[in-house]
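Biologist: Could you take one strand from the middle of this fold and walk me through its surroundings? I'd like the strand itself, its neighbours, and then whatever else helps to place it.

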Amino acid sequence: MHNYQQVKRDKLKFDIPDPICSLVFNLLLPTSNSAIYDPTCGNGNLLLRLRKNFDAMHTGTNVVAPSLYGEEVDQVLVAWALSNMNQHGYENVRIIKNDALLRPGFVENNQMLQFDYVVASPLWNQKGYSRNDYCNDNWNRFRYGIPHKSFADLGWLQHVLASLNHNGKAVVMLDRGVLSRGSNAGNKNNVELTIRSQFLQEDKIECVILLPYKKQPCALTILDNNKITEKKGWVFFINALIDSLDIDHLRSSSQYFQNIENAYHKFEEKEGFCRVVKHTEISHKRSNIDPYIYIAYESKRAICLPALATELGKKDQDNVYRMFSYGIYEEPRQDTIIGSLPQSWRVLKIKEIALDLGSGNPQRKVSDSDYICKEWVQILDLNDDLVSQTVKMSKYSSQMPILDRIRPKHTVMIAKSGSAGKVGILDMPATTNTAIFCIVTDKEIIDPYYLLYYLKSGKNIWSHIAFGTRDGASLTNELIAELYIPIPSLREQKSIVYRLKSNGSKAEH
């Protein structure tokens with residue numbers, strides 16, 4: 001018994017938070033006498049919460065509650081789930097030990113059972129399934145494409161779709177990276193791009209909701225096997241990310257979840273929060289279905305005034321926040337796209353304050369006798385401060401024009417992948433690799449050190465807009481270029497830099 005209880009405690013970290021369980025219920029609103037299926041049910045918590053919410057909604061009525069079906073590979077979790085259901089006296093429950101992705105567990109007359117509702121929270125970026133596992137499927141579940149061996153997410157999504165009946169609907173919790181992997185211009189035949197395109201072509205995706213989860217964003221993807229006419233050819237996007245990336249901080253915020261539910265059921269646009277997007281527009285963005293691409297934040301402060309996410313102490317945090325939202329001088333205030341700012345300040349995008357933007361390094365076809373060496377900045381050289389030396393030098397042909405790729409001193413740099421959002425500023429001319437975005441500022445508009453401090457103060461906020469997994473998140477040139485920056489006068493910028501430098505930064509002019 002001791003070992004069993006320890007296993008239960010170890011597995012609680014995979015439990016879906018109650019607010020998300022309730023949100024899933026309120027999005028689906030299961031009908032009486034229906035069937036709900038979870039192919040990755042774990043300890044059955046999500047199914048249990050759906051049933052509890054149904055009972056609460058129909059208290060005092062004689063409606064027949066939904067039947068519950070679940071599959072789980074871990075026998076301990078299966079026993080736990082059945083125990084939970086028995087404790088609540090729930091009948092019409094079938095939970096079995098099985099790996100649903102390898103073979104469906106609910107089959108009759110060699111046909112998969114299909115359900116009114118499917119909910120699922122598969123492990124993100126799951127490995128261990130081979131091409132043969134998908135190709136040997138007897139139920140034609142993976143007709144949209146064979147997922148990459150390192151990412152089973154879209155395999156699970158296809159299984160969910162195959163498990164829906166003609167009018168069925170599903171909510172699946174996916175890693176944010178699933179929404180966009182393969183959509184950048186360099187990937188011409190990415191399998192995940194192909195699979196997403198097929199979901200869109202057959203009009204199975206009704207809605208994608210981006211919201212905070214356990215230290216990183218997650219995507220609630222809603223499938224509808226038979227959309228009503230008004231929704232055909234469209235996808236509804238909701239961007240519900242806020243300052244906190246941890247859903248536990250929102251447990252007491254019923255209004256937050258109510259806003260999501262209301263938006264979904266009304267299927268109406270609200271600026272900065274939700275938008276209805278036509279398939280043709282999504283196609284032009286190479287089937288990228290990340291809501292951030294289509295919706296700006298309702299509270300731009302989550303990105304544009306990033307001091308709340310700084311790693312500084314509370315006292316310094318307040319000081320940094322004040323510097324970038326109140327400045328040095330007392331003056332009347334104005335409402336802007338990024339919140340309240342001093343009246344004399346402007347708000348510009350990075351692309352509007354730069355003389356040059358971009359990433360990449362010159363070609364390096366060299367011979368042993370005909371080359372020059374140049375400092376070459378990699379992500380590991382970025383230190384959120386002055387970059388005065390690099391780990392590596394790079395060789396370039398002396399016969400090739402590389403001057404257009406040598407970044408001048410005071411270029412501000414941002415890591416696009418790996419340590420996405422890590423920053424630095426060049427203390428000498430240098431070249432950079434393709435994973436670094438470079439900003440040569442217009443010094444008549446913005447002091448490069450002011451930009452460095454601004455980006456540095458909110459580096460954790462980049463995880464709000466980076467694509468991919470927490471360990472493999474990446475930023476695009478387009479996202480960085482569109483970032484809003486508060487712009488005081490040059491004199492005030494230099495004063496802000498001086499004060500922040502006095503608080504402990506090492507950067508020097």
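Modeller: Sure, and bear in mind that this is a predicted model. Let's come in from next door: strand β6, residues 115-120, runs parallel to β7 and is joined to it by five bridges. One spot to click on is Val118, whose bridge partner in β7 is Ala170.

From β7 we get to the strand I'd pick for you, β9. Strand β7 covers residues 164-175, and seven bridges join it to β9, with the two running antiparallel. Here the pair to look for is Val171 and its bridge partner in β9, Ile222. β9 has another neighbour in β8, residues 205-212, and that pairing is antiparallel over seven bridges. On that side, Leu210 stands opposite Ala219 of β9.

Now β9 itself, residues 217-224. The strand is mostly covered, with eight of its eight residues buried. In a regular strand, side chains alternate between the two faces of the sheet. In β9, Pro217, Ala219, Thr221 and Leu223 point one way, while Cys218, Leu220, Ile222 and Asp224 point the other way, and all are buried. Take Cys218: its relative accessible area is 0%, so it falls in the buried class. For contrast, try Cys135, which at 44% relative accessibility counts as partly exposed. If you were about to go hunting for sulfur pairs, the structure holds zero disulfides.

Zoom out and you'll see an open sheet of nine strands with mixed pairing, in the order β3-β2-β1-β6-β7-β9-β8-β10-β11. The edges are β3 (93-97) and β11 (274-278); each has a single partner strand, so one side of each is left without a neighbour in the sheet. From one strand to the next, the twist averages 15 degrees.

What lies across β9? Helix α2, residues 18-28, lies across β6, β7, β8 and β9, and runs at about 150 degrees to β7. A residue worth selecting here is Arg49, which sits in helix α3, residues 45-57. Leaving aside residues up to four places away in sequence, Arg49 touches Asp18, Cys21 and Ser22. Arg49 is also buried, at a relative accessible area of 19%, and the cut-off for that class is under 20%.

Back along the sheet, β6 has an aromatic story too. A search of the whole structure finds 14 aromatic pairs. One of them is Tyr37 with Phe115, a stacked pair at 4.6 Å centre to centre and 20 degrees between the planes. That pair links distant parts of the chain, since Tyr37 is in strand β1 (residues 35-38) and Phe115 in strand β6, 78 residues apart. Both partners are tucked away: Tyr37 is buried at 2% relative accessibility, and Phe115 is buried at 3%. For another geometry, look at Tyr134 and Phe142, whose ring centres are 4.9 Å apart with planes at 85 degrees, so that pair is edge-to-face. Tyr134 is buried at 4%, and Phe142 is buried at 7%. Going back to the stacked rings, Tyr37 and Phe115 form one aromatic cluster with Tyr69 and Phe106.

Last, a couple of charges over rings, if you like that sort of thing. Arg181 lies over the face of Phe151, 3.8 Å from the ring centre. Arg333 does likewise over Tyr326, at 3.9 Å from the ring centre.

Technical notes. Residues numbered from 1 in each chain as written. Predicted model: local features only at pLDDT ≥ 70, side-chain atom pairs only at ≥ 80, totals over all residues. Heavy atoms only, no water. Buried < 20%, exposed > 50% of the residue type's maximum accessible area, 1.4 Å probe, protein only. Helix = DSSP H or I, 4+ residues; strand = E, 2+ residues; numbered from the N terminus. Pairing = 2+ DSSP bridges. Axes fitted to C-alpha atoms, helices over the stretch in contact; angles between N-to-C directions. Contact = heavy atoms within 4.5 Å. Disulfide = S-S within 2.5 Å. Phe/Tyr/Trp six-rings, centres within 6.5 Å; stacked < 30°, edge-to-face > 60°. Lys NZ or Arg CZ within 6 Å of the ring centre and 35° of its normal.
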